[in-house]
Amino acid sequence: MGRMSIPMVGFVVLCLWTVVVEGEYMKYKDPKQPVGSRIKDLMKRMTLEEKIGQMTQIERKVATPDVVKQNFIGSVLSGGGSVPAPKATAEVWTNMVDGIQKGALSTRLGIPMIYGIDAVHGHNNVYGATIFPHNVGLGVTRDPDLVKRIGAATALEVRATGIPYAFAPCIAVCRNPRWGRCYESYSEDYRIVKSMTEIIPGLQGDLAAKFKGVPYVGGKTKVAACAKHFVGDGGTMNGIDEGNTVISSNDLFSIHMPAYYDAIRKGVSTVMVSYSSWNGRRMHANRDLVTGFLKNKLKFRGFVISDWQGVDRITDPPHANYSYSLQSGIMAGIDMIMVPENYREFIDTLTSLVKANIVPMTRIDDAVKRILRVKFVMGLFENPLSDPSLAKQIGSQEHRDLAREAVRKSLVLLKNGKTPSQPLLPLAKRAPKILVAGAHADNLGYQCGGWTIEWQGVVGNDLTVGTTILAAIKKTVDPSTQVVYQQNPDANFVKSNGFSYAIVVVGEVPYAEMFGDSANLTIPEPGPSTINNVCGAVKCVVVVVSGRPVVVQPHLAKMDALVAAWLPGTEGQGVTDALFGDYGFTGKLARTWFKSVDQLPMNFDDSHNKDPLFHFGFGLTTKPVKGNY
Ligand code: GLC
């Protein structure tokens with residue numbers, strides 16, 4: 001063997017040191033060992049306290065390095081909007097995450113913790129990150145490759161903050177738009193949701209064919225993903241969030257389960273359990289489905305994580321009998337508990353249940369092996385700390401261009417002209433004077449929706465970096481065109497100003513989870529008034545910014561054109577790309593658009609799916625028009 005260079009000698013010495021600590025060879029620290037051997041070696045070294053610590057996920061607000069070290073904490077998360085500082089930079093994020101990690105690495109066995117965050121439409125907690133369209137719009141694109149590229153871009157931005165785990169994708173099949181989380185669902189059609197699981201190899205990396213169905217994360221620019229929320233979260237009665245999905249076994253397995261087959265086949269590393277119930281039984285306590293089906297039938301080998309206080313909510317009221325709830329959740333097959341703050345109560349209660357032989361050690365060992373498998377597979381032991389070189393990925397122009405492409409492809413043109421021979425779109429870029437109206441034209445927070453910077457989203461333009469639809473319009477039209485913006489102009493103003501046409505942007509205000517549950521699905525005022533005042537006086541295209549189909553039928557006749565933009569995110573230019581003909585409209589509805597909420601639930605495959613306003617799959621198309629002046 002040739003002489004080794006000094007650096008090579010140093011590398012070899014370092015490798016040897018990392019696995020031979022204090023004279024003993026630590027097989028689990030040896031990356032050359034098979035994962036199974038590393039798990040086995042580490043497991044036999046672990047105490048009960050260290051094992052239960054691995055099953056504990058706590059929120060960053062309580063996760064000081066000392067708390068993590070003293071309690072052997074295996075995971076930390078940012079809840080929605082939980083950031084180290086307002087408008088925190090990548091460096092501030094990585095300093096926080098690395099600081100917590102060093103607490104974990106300083107424990108006896110040095111098992112790294114895994115930090116998770118809801119990066120559900122880009123790295124949406126982070127100032128300056130690219131915010132992609134929410135899933136309700138991505139389902140419209142029917143473009144799995146696009147969604148895979150979004151996953152890869154999201155993984156880079158998440159890793160840029162030192163975080164290796166995203167609680168995404170949500171593969172809910174939303175069957176009632178009354179549900180406050182319907183925008184997190186790609187479609188009412190499980191086949192579209194199945195195809196969109198391509199985001200998983202985008203986030204995690206491509207799993208080699210020979211390794212089908214095992215957790216996989218391909219290195220330091222990829223993140224562990226999380227298929228959620230298992231199972232039937234989108235099927236609850238009346239769309240009530242965390243409610244009861246009352247359907248037959250056949251419907252559960254044919255509508256809400258299929259995408260989990262694809263997620264597991266593609267190597268998803270974790271699955272999050274749903275708050276909801278199936279036929280009255282809480283999913284967090286459903287051993288038949290979590291262990292019997294997900295683990296034993298589908299052979300899922302990653303780890304199952306609870307939702308936030310998901311175990312507490314097994315009882316009603318929540319936390320009424322924590323020991324019973326915890327026993328139910330752990331015995332159902334949940335491996336990691338998103339506590340997220342009362343970690344001592346969790347640790348002490350589970351320890352008591354094990355010592356009383358109510359929770360067998362075999363269940364604890366199964367949970368910890370699964371958690372360790374993900375950590376070993378993703379290289380967390382070898383690379384536990386952040387990579388500062390990735391900071392430039394956050395909000396990169398390449399990612400923003402990708403998001404702009406996604407916005408274009410997510411739009412659905414529902415009406416174009418009061419008669420087919422009088423199409424209004426594409427709009428002329430050169431006109432003497434045009435009117436832009438509606439609160440959603442100049443509100444980045446509205447166009448991003450919930451799960452953006454704050455859990456419930458933010459109102460206004462200061463939340464992050466992006467392009468409003470109004471700003472995009474001004475960038476797109478000819479410099480000679482005068483653009484007048486009024487949020488809610490009165491009819492006389494519109495009539496008396498000789499506008500060539502108007503763009504009216506209205507819709508829903510941001511919401512998340514149960515705060516978005518809606519019985520009437522109306523566009524809040526002054527949206528309808530703005531439509532009436534403007535469209536009654538001048539040719540108008542209405543752009544609806546919403547997380548789902550909303551009530552438009554009463555206003556439709558007044559509109560010359562109607563576009564569903566869903567929740568497009570930061571890249572408003574994607575909307576004007578199609579409005580002004582640089583690109584054609586291509587999107588097709590991934591949800592049935594009701595005429596009246598009295599028709600709900602109404603899905604494409606329901607026998608009673610009669611007389612929707614716009615049927616599933618509907619969408620007018622236009623061709624790109626170069627130099628449309
Ligand atoms: C929330 C959501 C879940 C999210 C988790 C952590 O309540 O149900 O989708 O991943 O808590 O923020």
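User: What counts as a helix here, and where is the place of His256?

Analyst: Helices are DSSP runs of H or I with at least four residues, numbered from the N terminus. This is a predicted model, and in it His256 belongs to helix 10, which covers residues 249-256.

User: Is His256 buried or exposed?

Analyst: A residue is called buried when its relative accessible area is under 20%. His256 has 4% relative accessibility, so it counts as buried. Its contacts beyond four places in sequence include Val173, Arg175, Val231 and Ile247. The list also holds Gly232, Gly234, Gly235 and Asp251.

User: Which residues of helix 10 are buried, and how do they fall around the axis?

Analyst: Start with the general idea. An α-helix makes a turn every 3.6 residues, so residues three or four places apart point the same way. In helix 10 the buried residues are Leu252, Ile255 and His256. Viewed down the helix axis, these buried residues fall within an arc of 95 degrees, so they line one face of helix 10.

User: What do the buried residues of helix 10 pack against?

Analyst: They pack against three helices and a strand: helix 8 (190-195), helix 11 (258-265), helix 12 (287-295) and strand 10 (277-278).

User: Where does His134 lie, and what does its side chain meet?

Analyst: A residue outside helices and strands can be located by the elements on either side. His134 sits in the loop between strand 5 (114-117) and helix 6 (135-141). With 2% relative accessibility, His134 counts as buried. A polar atom of the His134 side chain is 2.9 Å from the backbone oxygen of Gly450. Gly450 is also among the residues that His134 touches, along with Val120, His121, Tyr183, Cys448, Gly449, Trp451 and Leu567, when residues up to four places away in sequence are not counted.

User: How is Gly457 placed, and which residues does Gly457 touch?

Analyst: Gly457 is in the loop between helix 17 (444-448) and helix 18 (469-476). Gly457 has a relative accessible area of 16% and is buried. Leaving out residues up to four places away in sequence, Gly457 touches Gly449, Gly450, Trp451, Thr452 and Pro510.

User: What separates the C-alpha atoms in pairs that are apart along the chain?

Analyst: Separation along the chain and separation in space are two separate readings. Gly457 and Val509 are 52 residues apart along the chain, and their C-alpha atoms are separated by 8.8 Å. For His134 and Val217, 83 residues apart along the chain, the C-alpha separation is 24 Å.

User: Which side chains are joined to Asp335 by a polar contact?

Analyst: Asp335 is in the loop between helix 13 (322-332) and strand 13 (337-338), and is buried with a relative accessible area of 0%. A polar contact of 2.7 Å joins its side chain to that of Lys295. Another, of 2.5 Å, joins the side chains of Asp335 and Arg363. Asp335 also touches other residues, including Met55, Phe303, Asp366 and Arg370.

User: Which residues come nearest the ligand, and how much of the ligand is covered?

Analyst: Of the 13 residues around the ligand, Asp118, Arg181, Lys228, His229 and Asp307 come nearest. The shell divides into seven nonpolar, one polar and five charged residues. An N or O atom in the Arg181 side chain is 2.7 Å from a ligand oxygen. For Lys228, a polar side-chain atom lies 2.9 Å from an oxygen atom of the ligand. For Asp307, the corresponding distance is 2.6 Å. The ligand has 310 Å² of accessible area on its own, and the protein covers 96% of that area.

How values were computed. Residues numbered from 1 in each chain as written. Predicted model: local features only at pLDDT ≥ 70, side-chain atom pairs only at ≥ 80, totals over all residues. Heavy atoms only, no water. Helix = DSSP H or I, 4+ residues; strand = E, 2+ residues; numbered from the N terminus. Buried < 20%, exposed > 50% of the residue type's maximum accessible area, 1.4 Å probe, protein only. Contact = heavy atoms within 4.5 Å. Arc of directions from axis to C-beta. Polar contact = N/O pair within 3.5 Å; in protein donor to acceptor, adjacent residues only side chain to side chain. Near = heavy atom within 4 Å. Areas by Shrake-Rupley, 256 points an atom, 1.4 Å probe, with all protein chains shown as cover. Nonpolar A, V, L, I, M, F, W, Y, C, P; charged D, E, K, R; others polar.
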